[in-house]
Amino acid sequence: MLDVLMPATGVAALLLAAWCGWAAYRDQPTKDWHFIGMAVVTLLALAQLVAGVVRLAQGDKPDQGTTIFVAYLLGAFACVPAAGFMSLAERTRWGSVTVAAGGVVLAVLEVRLYDIWGG
């Protein structure tokens, strides 16, 4: 399950980053459609968090340690919602830039999660 969710979440995060980056390029703040995209990416990250915890509960162990894996899972889950809340505070193009940056950060976290798990 993690092998499917990691790339799916990473690609969805990069698509969100490109979409919000395009909005920032056009000098637009985040809009309702962007928040729907953030919700989809957040649900993927939540599914990944749940699947990761289930795999750990079943006895599977990441190559680089359980503590760091769980920390990255929690960080990946919190990344896009935090950027979304920050974009609500900044209702200019910089709100869109914040969400785009959050999407890129999430994609990088997904690569790191893959490495930690042993990919």
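Visitor: Which helices do the buried residues of α2 pack against?

Guide: Heads-up before we start: this is a predicted model, where local features need pLDDT of at least 70, side-chain atom pairs count only at pLDDT 80 or more, and totals for chains, interfaces and linings use all residues. Residues are numbered from 1 along each chain as its sequence is written, and side-chain values use heavy atoms, with hydrogens and water left out. Helices (H or I, at least four residues) and strands (E, at least two) are DSSP runs numbered from the N terminus, while buried means under 20% relative accessible area, exposed over 50%, and partly exposed in between (1.4 Å probe, protein chains only). The buried residues of α2, among them His34, Val41 and Gln48, pack against α1 (2-25), α3 and α4.

Visitor: How far does α2 reach from its first C-alpha to its last?

Guide: Helix α2 covers residues 32-57, which is 26 residues. The expected span is 1.5 Å times one less than the number of residues, giving 38 Å here. The model comes close to that, at 37 Å.

Visitor: And what about α1, how far does that one reach?

Guide: α1 has 24 residues, with 34 Å expected at 1.5 Å a residue. Its buried residues include Leu5, Thr9, Leu16 and Cys20, and α2, α3 and α4 are among what covers the buried set. From first C-alpha to last, α1 reaches 34 Å.

Visitor: Which residue just after α1 takes a positive phi?

Guide: There's one such residue to point at after each of these two helices. Just after α2, glycine 59 has a positive phi of about 105 degrees. Just after α1, the positive phi is about 65 degrees, and the residue is aspartate 27.

Visitor: Do α3 and α4 run roughly parallel or roughly antiparallel?

Guide: Two packed helices are described by the angle between their axes and the distance between the axes. Here axes are lines fitted to C-alpha atoms, for helices over the stretch in contact, with angles from 0 to 180 degrees between N-to-C directions; under 35 degrees counts as roughly parallel, over 145 as roughly antiparallel, 65 to 115 as roughly perpendicular and the rest as oblique. α3 (residues 66-89) and α4 (residues 93-117) come within 8 Å and cross at roughly 170 degrees. That makes the pair roughly antiparallel.

Visitor: How many residues in the contact of α3 with α4 are nonpolar?

Guide: Contact means heavy atoms within 4.5 Å, and the residues making it include Phe69, Ala76 and Ala83 of α3 plus Val99, Leu106 and Leu113 of α4. Ala, Val, Leu, Ile, Met, Phe, Trp, Tyr, Cys and Pro count as nonpolar, Asp, Glu, Lys and Arg as charged, and the others, Gly among them, as polar. On that split, six are polar, two are charged, and the nonpolar ones number 16.

Visitor: How many residues does the largest nonpolar core have?

Guide: A nonpolar core is a set of buried Ala, Val, Leu, Ile, Met, Phe, Trp, Tyr and Cys residues joined through side-chain atoms within 4.5 Å. Leu16, Val41, Phe69 and Leu106 have the most contacts inside the largest one, and its residue count is 24.

Visitor: Is alanine 12 buried or exposed?

Guide: Alanine 12 lies in helix α1. Leaving out residues up to four places away in sequence, alanine 12 touches Val41 and Leu44. Because its relative accessible area is 16%, alanine 12 is buried.
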